[in-house]
Amino acid sequence: MEKTTHISNFLENIQSSDGYRGQIAHINQIPPKDAVYQEPQTPISPTVRSALKTLGISSLYSHQAKAIDLISGGKNTSIVTSTASGKTICYNVPVLESLIADPKATALFLFPTKALAQDQLRVLGHFCSADAALQDLVRAGTYDGDTPRETRRKLRNEANVILTNPDMLHQGILPYHSRWSRFFSSLRYVVVDEMHTYRGIFGSNVANVLRRLRRILKHYGATPTFVLCSATIANPDELAETLIGDTCEVISTDGSPRGPKLFVLWNPPFLGAGSMDRKSSNVEAHELMVRLIEEGIQTITFTKARVVAELVLRYVRDALSRRNPQLVKKVSAYRAGYLPEERRAIEKALFSGELLGVASTNALELGIDVGSLDASIIVGFPGTIASTWQQAGRAGRKSDEALVLFVPYNDPIDQYLIRHPDYFFGQTPENAVIDPVNPYILAGHLSCAAFELPLSQEDEAIFGKLTQPVTAVLEDVKKVKKIDDRTYWATTEFPAAGVGLRTISDDTFTIVDRTGPESVIGVVDAISAPELVYPEGVYMHDGATYLVRELDLDGKVAYVERKEVDYYTQPILDSSIRVKAERKSAAWSDLNISYGDATVSWKTTSFKKIKFYSLDSIGYGSVDIPTQHLETVSLWLCPDKEVASYLKKKGKNPVEGLVALKNVLINILPLFVMCDRKDIGGIVESSNLGSPAIFLYDRFKGGLGFCEKGYGLLPGIIREVLHVIEDCPCESGCPSCVGLPVLIPAQHQDPDPGHGFPIPDKEAAVLLVGRILDNA
């Protein structure tokens, strides 16, 4: 279907329509940018040049040319350019040239997900299909948990390009490196795509996996060049070098063209005069999506939860079935939990233009190649500026006009961004923080490394100065044994099985439809299952409603039946933290500070039924499923009673001051203890100590030392908190100071009916922290 309307005309038409109620709060015009072409100094072979021309690429962008020169020259290189700027060309050209020059050469491509590896295998295959010589030369395949055993053997023995993920490299390749001697001894390139996703605990673990890889490659006499690709972040040079443990050149000047883009802040209208409630953001987003699709404008709508993607899909299909039935099948949803074959089919249909619209979670924020779309609708602030621009970057076809619509929820953070467009568009993307030498993380990977090859003094150059002390601890607990100048793995355990790279569980529940003959329609991870497939709740798949009849916790199966209802359900969770044992405590200023063991618990206790197209609750149901627990460590701060009295005399609510301080601590603590904000949780509650206190905790089983380190650094952290609050130019609180971090276990709720949490009182926080520091 051809576009019938230009983007600017589309907005003009909406503003002159009967249903327009002043929703456009701000329009930011992003000007077009011409392409900058450049020829690389490195010669490109006729074979590769021919393939490029067949694909319609007659000239290379400046960043591609520079990357090809650096990579071909053996320089570790990080490419940080916009979405759809042709980053794959940057590494595919040098890789293919190396295979042409040396038929024994190999390359390893790492992607954060199996879906991305599959997608990039397709891209590489498309490139090679443009030339018969390349088709014969390149033997590529994905090597992951879904790869059949016979195919794995064939890939190990014959492939010259392997596409995999860090988890498989960690557990399924490095421990069996002797089977990979042919591949590793000839390895020329290691490509690490979507570098910006490797942050916090996950990034710290992946950095150690890459160090183990470099160590094994050294054993086989290989010193490959590392190539990293990333979306825009604040510190790409630091992240790249910390990830690979080596120097790295950064290319951030983007030579690709960009058409004009309109970034519109679209605020749902109030329901009536004097009302503080606004029209449903999900409904508003679907109406925009319908109008765009009807004009032939290919659109992606990003949502914050799986249920919202399903709701938007259902609403859009309902509207199209009444207005343009021929377009109903041209819209789909895309999210985690769909079967792999469903997701591949959706990606293919979107890339080919068969689909005109897709409602997605952030699953499509990563670089799966679905082509460039015309419009992107972002429903609710994604949580970071980096994610916002990633999602916005999905809209734009080279020189064509593009549209981005941000539709906020009626919660304090989203509405603050609408009221302050200069803040929204002026913020820079966040830093990505990792800490490979965290002793808790390092201990696991040194165990894996000892299993792979004996440890020696030379390994300190790879793993850092804590290598010897951490190895000594492993020896004390009889995990390793030192003989002469080498340290060997000393147990029958398989250490990689005990080291998870991510914070989420690998366990999954299967979702089985038993309306007719039983069939699997989806999957869900074990942690999310109690929020998504609780008994008598509504599970939505491809816009259709299913009632959950049974959740088999032992068999890890959720049984559902297709039933058409006019509502969806929202889980109601109860979460708490319980101190188990105090390890350390101290009095400082007006605070009693403690560190110790704690259990964070959460469970789905009930659910509410919400009528489609509204925010109205039409009933409740109870849920009886076990509580989930996270055994971890916590840092807690309890002010003296005099502090509460002081704040009350100043006319302030002491709990608001504590919530504000908690929010800033979650933002600031990671800078001191080298982790990501999402690695820390926090809550203000009274039941443990009998008076309100701040509890911070590591969001990882057993803890990773973040809160322990924070305990020792707390006075300096509190001083920095005051600087952050006082330096912020806002008057009463904003996402950059006392707002934002509401990190509760729930991940899958629709934000629309919730209205979010209010931004706490900034002045109360200033008074609280000022008093603490004055008395220190």
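These are my notebook entries on the domains, cores, helix pairs and loops that I looked up in this predicted model.

**Entry 1: domains**

I began with the domain assignment of the protein chain, which gives domain 1 (2-30 + 259-426), domain 2 (46-251), domain 3 (439-498) and domain 4 (583-600 + 629-774). I noted that domain 1 and domain 4 are each written as two stretches of the chain. I then looked up the centres of domain 1 and domain 3, taken over C-alpha atoms, and found that 50 Å separate them.

**Entry 2: nonpolar cores**

Next I turned to the largest nonpolar core, which has 98 residues, and I wrote down L96, F109, F127, V161, I377 and L403 as the members that touch the most other members. Helix α13 (residues 306-323) gives the most to this core, contributing 9 residues. I also asked which domains supply this core, and I found at least three residues from each of domain 1 (2-30 + 259-426) and domain 2 (46-251).

I followed L96 by itself and, leaving out residues up to four places away in sequence, I listed V48, L124, F127, C128, L134, L137 and V138 as the residues that L96 touches. There is also a second, separate core of 63 residues, and I noted I666, I668, L722 and A765 among its members.

**Entry 3: two helix pairs**

Two packed helices are described by the angle between their axes and the distance between the axes, so I looked for both.

For helix α18 (residues 439-452) and helix α20 (residues 467-476), the axes come within 10 Å and cross at roughly 70 degrees. Angles of 65 to 115 degrees count as roughly perpendicular, and therefore I recorded α18 and α20 as roughly perpendicular to each other. The crossing of α18 past α20 is right-handed. On the α18 side the contact is made by P439, L442, A443, L446 and S447, while α20 brings T467, V470, T471 and L474.

For helix α24 (residues 706-727) and helix α25 (residues 762-774), the axes also come within 10 Å, and they cross at roughly 145 degrees. Here I noted a left-handed crossing of α24 past α25. From α24 I listed I718, R719, V721, L722, I725 and E726, which meet K762, A765, V766, V769, G770, I772 and L773 in α25. I recognised L722 and A765 from my list for the second core.

**Entry 4: three loop residues**

Is T361, in the loop between β12 (357-360) and β13 (375-379), buried or exposed? I found a relative accessible area of 8% for T361, and because buried means under 20%, I entered T361 as buried. Leaving aside neighbours within four places in sequence, T361 is in contact with F302, T303, A305, R306, A309, Y334, R335 and A336.

I then moved to D484, which is found in the loop between β15 (480-483) and β16 (486-489). The relative accessible area of D484 is 71%, so I entered D484 as exposed. Phi of D484 is near 60 degrees, and I marked this as a positive value in a residue other than glycine. I also checked D484 against S456, and these two are 28 residues apart in sequence and 9.8 Å apart in space, C-alpha to C-alpha.

My last residue was D542, in the loop between β19 (538-541) and β20 (544-552). Phi of D542 is near 55 degrees, which is again a positive value in a residue other than glycine. With a relative accessible area of 33%, D542 went into my notes as partly exposed.

How values were computed. Residues are numbered from 1 along each chain as its sequence is written. This is a predicted model: local features need pLDDT of at least 70, side-chain atom pairs count only at pLDDT 80 or more; totals for chains, interfaces and linings use all residues. Side-chain values use heavy atoms; hydrogens and water are left out. A nonpolar core is a set of buried Ala, Val, Leu, Ile, Met, Phe, Trp, Tyr and Cys residues joined through side-chain atoms within 4.5 Å. Buried means under 20% relative accessible area, exposed over 50%, partly exposed in between (1.4 Å probe, protein chains only). Helices (H or I, at least four residues) and strands (E, at least two) are DSSP runs, numbered from the N terminus. Domain bounds come from an automatic or database domain assignment. Contact means heavy atoms within 4.5 Å. Axes are lines fitted to C-alpha atoms, for helices over the stretch in contact, and angles run from 0 to 180 degrees between N-to-C directions. Angles under 35 degrees count as roughly parallel, over 145 as roughly antiparallel, 65 to 115 as roughly perpendicular and the rest as oblique. A crossing is left-handed if the near helix is turned anticlockwise from the far one by less than a right angle, and right-handed if clockwise.
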